[in-house]
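Got your viewer open? Let's take a short walk through this model, one selection at a time.

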Amino acid sequence: MTPRQKPALLVIEALATAGEYLLDSARHLGLRVFVATHADVFAAYPPALRERIDGVVFTDFGDPDAAVRELGEFCRAAGVGAVVACWEFTSPLAAALAAELGLPGNDPTRAHGCRNKLRMAELFHRHGVPAPRTVPTERDGDPVRTAAAAGIGYPLVVKPAEEAGSMGVSVVAGPDRLPAAVRLARSWPVEFSHGFPLDDTALLQEYADGAEFSVETVVWSGRAQHVAITAKFTTGDGIRAELGHTVPAALDPADARLLCSAVDAALEALGVTDGPAHTEVKLTGDGAARVIEVAARPPGGHIVRLVRLARGVDLTAAQIQVAFGSEPDLEPRADGAAAIRFVTSPHAGVLTAVHGLPRTGDVVGAARVTDVAMYTEPGAAVTGPRDNLGRLGHVILEAASAREADAAAAVAMAGVVVDVDPAGAGDTAEATARADDAVQDDHDQDQDHDCDDGYGVTRCDA
């Protein structure tokens, strides 16, 4: 088969955590791969990503109508037979383009709900999805009065309507710090890498008290198959950032069914009919499931790799198969567990050294270290663990069970020491530290609530 005869795939922005996995799956499936992105963003693509791409097309994600028109013309000329997204900001564009081309994809009339959390909350409410109550704040209004009028008590969650990676999300224990948390949630009026405008409405959301999980799903022709449930480990202070994941979560079957049932309702409400879904959901103390958010993309945080290791299922290959209209291969070929823990800085400053990292191949307890990576070099300015952009590196482990993986991860990370010079980062670090303190103070002032079981539960065991 000549290169031109190979089936062609369009990936709408590959510069995401799952992008490398998606491109590797496409190569394994023998496809030609084209990527749609911005010219300035493509200039920053690392060589390892570029070498997986057969061609690139530039458009403006900030003008969806023009992007659909331009990308539609490109796809017809290049013989593209499937369109996918691996980044939630472009998932509505992928749905619209697939509809334009007559290809499998999600409902374009509801796809915006997988990007905009206010629209998502409206669809959840309309369709009876078990989810925390969510209300918008007014630009010049009083958020304390807004929360009171909506009957949302404390602690409550403040988040941007459009952001990702836990950016701008905080848990507020009382009204005194609510205005500062709302200002923080409005701090990202544009998407930082592509520069298109975001809805910077700050949302107030009921605080769902319980353990946090994500459900990794592939939907084909409206039929959802839940491939894995991931246990999520986060900071337990006012600012919530993810510190790690374990696949599978150590859950009894009844709780797993409860979570998956809630996810089914959420996916139906959002019109997710063909493709992957990453759903964050809480299991509350009263035995209920509450859906927090849905992203119509593969999971980030290297969960794709964890699922491959623990279950033997390739989520991104399944996503591509669905996009071509084929039944996805979701047959498990493994029955183990895998865990990732992220290396983070204790506070803002300049990274000077990292000590005590395990090495790939090390045996820790009943687990084996599969991968160790650092993203940040000494001398770089770093933030505290205030969102997922604060990750400095990771450690991945494999074991026979989730409990063994979690126990080994705790031992492995206990020996890691991150040295940061708090005086070396200048204005950037000081501004970051002030942003952290604005909501951290709120947590510290109210010790009556144990926020370790809050919106992003701190889980130290399984």
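Here's the route: a strand, then a charged patch, then some salt bridges. Keep in mind that this is a predicted model.

**Stop 1: strand E11.** Select residues 242-247, which make up strand E11. Is this strand mostly buried or exposed? Five of its six residues are buried, so E11 is largely enclosed by the rest of the structure. Now add residues 223-234: that's strand E10, which pairs with E11 in the antiparallel sense over four bridges. Look for Thr234, standing opposite Glu242 of E11. Next, bring in strand E14, residues 337-344, which also pairs with E11 in the antiparallel sense over four bridges. There, Ala339 is the bridge partner of Thr246.

**Stop 2: a negative patch.** Select Asp60, Asp63, Asp65, Glu70 and Glu73, which form a negative patch on the surface. Zoom in on Asp63, in the loop between strand E3 (55-58) and helix H4 (64-78). Asp63 is partly exposed, at 35% relative accessible area.

**Stop 3: salt bridges.** How many salt bridges are there? The count comes to 21. Start with Arg76 and Glu100, whose side chains meet at 3.1 Å, N to O. Arg76 sits in helix H4 and Glu100 in helix H5 (residues 91-101), so this pair ties together parts that are 24 residues apart in sequence. Arg76 is exposed at 52%, while Glu100 is partly exposed at 44%.

Then select Asp329 and Arg333, another salt bridge, at 2.9 Å from N to O. Finish with Glu20, Asp24 and Arg52, joined into one network by salt bridges that share partners.

Key
Residues are numbered from 1 along each chain as its sequence is written. This is a predicted model: local features need pLDDT of at least 70, side-chain atom pairs count only at pLDDT 80 or more; totals for chains, interfaces and linings use all residues. Side-chain values use heavy atoms; hydrogens and water are left out. Buried means under 20% relative accessible area, exposed over 50%, partly exposed in between (1.4 Å probe, protein chains only). Helices (H or I, at least four residues) and strands (E, at least two) are DSSP runs, numbered from the N terminus. Two strands pair if DSSP finds at least two bridges between them. Patches are made of residues with over 30% relative accessible area and no salt bridge: like charges are joined within 9 Å, nonpolar side chains (Val, Leu, Ile, Met, Phe, Trp, Tyr) within 5 Å. Accessible areas come from the Shrake-Rupley method with a 1.4 Å probe; for residues, only the protein chains shown count as cover. A salt bridge is a side-chain nitrogen of Lys or Arg within 4 Å of a carboxyl oxygen of Asp or Glu. Lys and Arg count as positive and Asp and Glu as negative; His and the chain ends are not counted. The place of a charge is taken as NZ of Lys, CZ of Arg, CG of Asp or CD of Glu.
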